[in-house]
2 protein chains.
Amino acid sequence: MDFQSVIANRKSGQGNTHLELQMLAIGAADHSIPDYQLSAWLMAECFQPLNEEETAWLTVAMAKTGAQLDLTGLPKPWIDKHSTGGVGDKTTIVLLPLLASCGLTIVKMSGRGLGITGGTVDKLESVPGFRMHLTPEELKTQAAAIGLAISGQTSHLAPADKTLYELRDATATVESIPLIVSSILSKKLAGGAEMVVLDVKCGSGGFMPDFESAKKLALALSETGKRIGMPVYISITEMEQPLGRMVGNLLEVQEAAWVLRGGTNRFTELCVELAAHTLVVAECTDSHEKGLSIAWAALREGRALLKAKQWFAAQGAEVDVFGIKDRLPKAKVQLTVSNPKGKGYVSKVDARSVGAAVVHLGGGREVVTDIIDPTAGVECLKHVGDQVEEDEPIFIVHAPSNHLAEQAAEQLREGFEVSEEPVKPLPLILETL
Amino acid sequence: MDFQSVIANRKSGQGNTHLELQMLAIGAADHSIPDYQLSAWLMAECFQPLNEEETAWLTVAMAKTGAQLDLTGLPKPWIDKHSTGGVGDKTTIVLLPLLASCGLTIVKMSGRGLGITGGTVDKLESVPGFRMHLTPEELKTQAAAIGLAISGQTSHLAPADKTLYELRDATATVESIPLIVSSILSKKLAGGAEMVVLDVKCGSGGFMPDFESAKKLALALSETGKRIGMPVYISITEMEQPLGRMVGNLLEVQEAAWVLRGGTNRFTELCVELAAHTLVVAECTDSHEKGLSIAWAALREGRALLKAKQWFAAQGAEVDVFGIKDRLPKAKVQLTVSNPKGKGYVSKVDARSVGAAVVHLGGGREVVTDIIDPTAGVECLKHVGDQVEEDEPIFIVHAPSNHLAEQAAEQLREGFEVSEEPVKPLPLILETL
């Protein structure tokens with residue numbers, strides 16, 4: 001079987017057999033299929049998408065191209081948590097210790113950020129000493145000891161995905177839903193998960209710009225999860241404005257620490273909602289309401305904070321990010337941006353503008369080889385629905401230079417809008433399935 | 001401008017600008033755009049084809065990526081002749097000296113064969129000593145001296161096409177009409193042609209399987225020719241059965257020599273028709289009928305043969321292929337295949353089966369790196385419409401071994417059909433435009 005006919009079958013609409021998709025996954029992993037053939041297949045797939053059966057075949061085939069974590073010995077259920085990524089989305093840093101403090105065991109594979117959505121790997125690595133690359137043995141030992149462990153994506157797990165992901169990024173074939181689904185779920189499957197709790201971000205700062213496409217992705221993830229025997233529980237959550245106050249790697253770690261210490265804002269609420277959802281699907285409790293109470297109590301009573309401290313210590317953090325007094329590095333410049341739009345109600349804090357401003361400041365990557373400035377970022381002082389006075393501070397820019405700070409301020413002002421009428425923010429969670 | 005956005009614009013249906021297509025051509029020629037991005041663009045093009053304006057832009061851009069022959073000094077018009085390729089299509093070997101003997105000057109760039117359609121380069125190179133790679137200077141000098149010269153495609157002319165052609169072959173993106181058009185015409189343009197006479201073969205042994213698709217290609221070639229200021233005159237010709245008696249490299253050279261010596265069959269007729277068409281468009285005569293007379297006379301009176309002898313001598317042939325006594329190498333085995341289908345009228349000699357049998361015998365390439373056996377081939381003793389007796393010889397297989405000969409015979413029998421009713425062959429020329 002030559003790969004040219006696999007491409008031709010995809011292109012013609014005939015589709016690919018199970019064997020052909022296994023060949024694709026193996027050839028992508030060991031580079032026996034040249035990149036130019038893979039990218040032709042990827043583009044053909046965008047016009048002739050994989051059906052549900054093919055998506056499941058490809059997902060399993062990709063998961064099998066590398067090492068597969070065996071979590072035997074850890075308490076069940078083996079849960080992984082995933083977000084499609086958004087501006088200010090530091091949910092993982094709160095949710096993992098919160099769930100572990102409620103008795104669950106979490107082993108999570110995490111990715112780096114590209115574009116306006118930051119990656120958890122970058123956020124945690126901005127903490128001096130934090131080790132993001134654990135061996136499978138270390139992951140298991142740590143999870144057994146304290147109930148949670150996280151690792152940056154290793155090339156040992158689903159290496160086919162690494163090849164295909166990089167090619168998709170370079171060939172304008174990122175947004176195909178079956179390819180997104182197989183990319184996400186193959187890594188979870190290889191990581192040993194029995195079930196996945198998944199946050200699909202929807203809006204200008206998320207991966208899916210509108211509800212319709214977010215719903216389509218959610219349904220495809222859910223369907224593929226069923227077919228491969230790894231249930232996927234999904235919340236579609238709002239990402240028109242940044243999540244919480246902080247955007248930027250170290251700033252977000254600080255905000256997560258603040259929430260774990262008991263701070264509450266819209267971001268805290270989302271963490272608690274997602275925790276409750278997870279506790280229900282993991283059958284730790286039988287109703288969402290009870291799940292909410294359990295999660296709030298774990299935060300209030302400091303159990304989540306304690307778990308977080310154990311976690312950071314276990315993975316080598318050299319600075320206590322959870323102490324009241326902040327010992328973390330800071331950006332050279334702090335610039336306050338005032339409301340340029342007059343008195344009224346905030347109607348828009350465009351997540352995309354904020355994300356782009358942070359990338360511009362050096363806090364994110366435009367291309368994979370960019371090096372991140374962990375201290376760069378933006379504090380959002382106002383959120384949709386808030387009242388705002390003329391010239392009231394609305395953002396604080398954390399920048400390496402005045403010049404970059406001024407440029408970022410300009411971008412931020414453009415994404416900020418005020419209405420004379422009261423504005424009701426969108427619900428935090430748009431749909432659960 | 002990054003090439004990813006060029007791909008995205010193609011994919012979305014927005015199309016590409018002149019500048020983007022220039023960037024594509026240059027990047028393909030100097031390999032500054034990676035193959036995996038080019039192949040993604042090629043696949044997107046198959047679903048969102050280039051429009052007529054874009055096709056012309058790409059054609060000119062590709063022609064400009066390498067050397068451009070300047071034929072100044074040679075008598076006008078500067079004509080190139082091209083065939084899309086078919087089984088037993090040795091037209092070039094007759095037509096070039098025939099036209100030169102009628103006073104035209106022909107400088108032709110020629111290609112190698114792949115699959116069932118042989119290439120003129122391979123046919124001529126099967127003659128011991130024949131040099132298929134002339135420098136631009138040699139081409140011009142020879143054309144000035146004797147009125148014709150041919151060269152295998154050099155990487156100096158339209159190198160962008162070389163890159164794209166190889167990628168298309170490997171990525172199931174060969175059959176896009178705009179890509180075929182730009183590939184053919186960019187080489188002609190770079191080769192210095194002012195006008196092109198083009199034979200689009202249509203049928204099971206041709207590049208285009210049916211008349212509708214052949215017509216579509218012909219119209220696209222004609223339209224692009226107009227737009228780039230290089231008129232293209234097209235005959236759509238029949239390729240359901242092999243052209244003439246011989247299929248296979250040296251065998252075809254021998255048949256061409258036989259025609260030049262005055263032999264006449266269906267293949268001779270096609271050569272004369274195409275010659276007449278060319279004489280009219282080159283304004284050497286004012287009607288097709290007069291063109292036919294001129295061409296027949298050149299053959300009958302030995303002028304075409306004389307020109308062919310000059311030509312072969314000028315390009316280094318060490319054997320006189322035009323002498324009555326055949327001095328060319330022969331295959332080890334000659335196997336006669338008899339009619340297995342009973343008495344009647346031949347209704348089918350499937351060109352595809354014959355072409356495939358010749359490739360199987362070693363007379364053609366399955367992949368570009370295959371080495372060709374110049375002596376391998378098939379003689380077709382019967383043609384559509386001929387009467388045939390039970391067990392009458394219908395093919396002679398020229399093979400390197402009995403084993404391969406038997407296998408080829410099996411393939412040939414399958415493509416041969418007999419009808420009890422008289423059968424009328426298809427017309428030789430289906431349409432001219």
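Buried means under 20% relative accessible area, exposed means over 50%, and partly exposed covers what falls in between. Keep these cut-offs at hand for the exercises below, which work on a predicted model.

**Exercise 1. Classify A:K215 and its salt-bridge partner A:E431 by accessibility, then say which elements they join.**

Step 1. Start with A:K215: its relative accessibility is 22%, so this lysine counts as partly exposed.

Step 2. Turn to A:E431, where the value is 26%, so this glutamate counts as partly exposed.

Step 3. Check the contact itself: the two side chains meet in a salt bridge with an N to O distance of 3.0 Å. The cut-off for a salt bridge is 4 Å.

Step 4. Place both ends. A:K215 belongs to helix α10 (residues 211–227) and A:E431 to strand β13 (residues 429–432) of chain A, so the bridge ties together parts that are 216 residues apart in sequence.

To set this pair in context, the count over all chains comes to 40 salt bridges.

**Exercise 2. In chain B, work through the salt bridges B:E301 with B:R303 and B:K382 with B:E392, and assign each residue to an accessibility class.**

Step 1. For B:E301 and B:R303, the N to O distance is 2.7 Å.

Step 2. B:E301 has 54% relative accessibility and is therefore exposed, while B:R303, at 33%, counts as partly exposed.

Step 3. For B:K382 and B:E392, the closest N and O atoms are 2.9 Å apart. B:K382 sits in the loop between β9 (377–380) and β10 (387–388) of chain B, and B:E392 in the loop between β10 and β11 (393–399), so this pair ties together parts that are ten residues apart in sequence.

Step 4. B:K382 has 13% relative accessibility, so this lysine is buried. B:E392 comes out at 23% and is partly exposed.

**Exercise 3. Which residues are linked with A:E52 in a network of salt bridges?**

Solution. A:E223 and A:R227 are linked with A:E52 in that network.

**Exercise 4. Decide whether the rings of A:F130 and A:F312 are stacked or edge-to-face, and describe where the two residues lie.**

Step 1. Begin with the total: the structure holds eleven aromatic pairs over all chains.

Step 2. The ring centres of A:F130 and A:F312 are 5.0 Å apart and the planes stand at 75°, so the pair is edge-to-face. The angle cut-off for that class is over 60 degrees.

Step 3. A:F130 lies in the loop between α6 (120–125) and α7 (136–146) of chain A, and A:F312 in helix α14 (residues 303–314), so the pair ties together parts that are 182 residues apart in sequence.

Step 4. Both A:F130 and A:F312 are buried.

Step 5. Now look at chain B. B:F130 and B:F312 form an edge-to-face pair, with 5.0 Å centre to centre and 75° between the planes. This pair links distant parts of chain B, 182 residues apart: B:F130 is in the loop between α6 and α7, and B:F312 in helix α14.

Step 6. B:F130 is buried with a relative accessible area of 6%, and B:F312 is buried at 3% relative accessibility.

Step 7. Return to chain A for the wider setting: A:F130, A:W311, A:F312 and A:F322 form one aromatic cluster.

**Exercise 5. How far is the charged end of A:K187 from the centre of the ring of A:Y165, and that of B:K76 from the ring centre of B:W78?**

Step 1. The charged end of A:K187 sits over the ring of A:Y165 at 5.9 Å from its centre.

Step 2. For B:K76, which sits over the ring of B:W78, the distance is 4.5 Å.

**Exercise 6. Describe the interface of chain B and chain A.**

Step 1. Count the residues: chain B gives 21 to the contact and chain A gives 21.

Step 2. Take the area: about 1700 Å² is buried between the chains, and carbon and sulfur atoms give 69% of this. B:K11, B:Y36 and B:F47 lose the most area in chain B, together 37% of what that side buries.

Step 3. List the polar links. Two salt bridges cross the interface, and A:E175 and B:K11 meet in a salt bridge of 2.9 Å, N to O. There are also eleven residue pairs in polar contact across the interface.

Step 4. Assign the elements. On the side of chain B that touches chain A, α1 (3–12), α3 (35–47) and α8 (159–170) each supply at least two residues. The largest share, nine residues, comes from α3(B).

Note on methods:
Residues are numbered from 1 along each chain as its sequence is written. Chains are lettered from A and ligands numbered from 1 in the order in which they are written. This is a predicted model: local features need pLDDT of at least 70, side-chain atom pairs count only at pLDDT 80 or more; totals for chains, interfaces and linings use all residues. Side-chain values use heavy atoms; hydrogens and water are left out. Helices (H or I, at least four residues) and strands (E, at least two) are DSSP runs, numbered from the N terminus. Buried means under 20% relative accessible area, exposed over 50%, partly exposed in between (1.4 Å probe, protein chains only). Rings of Phe, Tyr and Trp (its six-membered ring) pair if their centres lie within 6.5 Å; planes under 30 degrees apart count as stacked, over 60 as edge-to-face and the rest as tilted. A charge sits over a ring if NZ of Lys or CZ of Arg is within 6 Å of the ring centre and within 35 degrees of the ring normal. Buried area is the accessible area (1.4 Å probe) that two parts lose on being put together, summed over both. A polar contact is a pair of N or O atoms within 3.5 Å; within protein, one must be able to donate a hydrogen and the other to accept it, and residues adjacent in sequence count only if both atoms are side-chain atoms.
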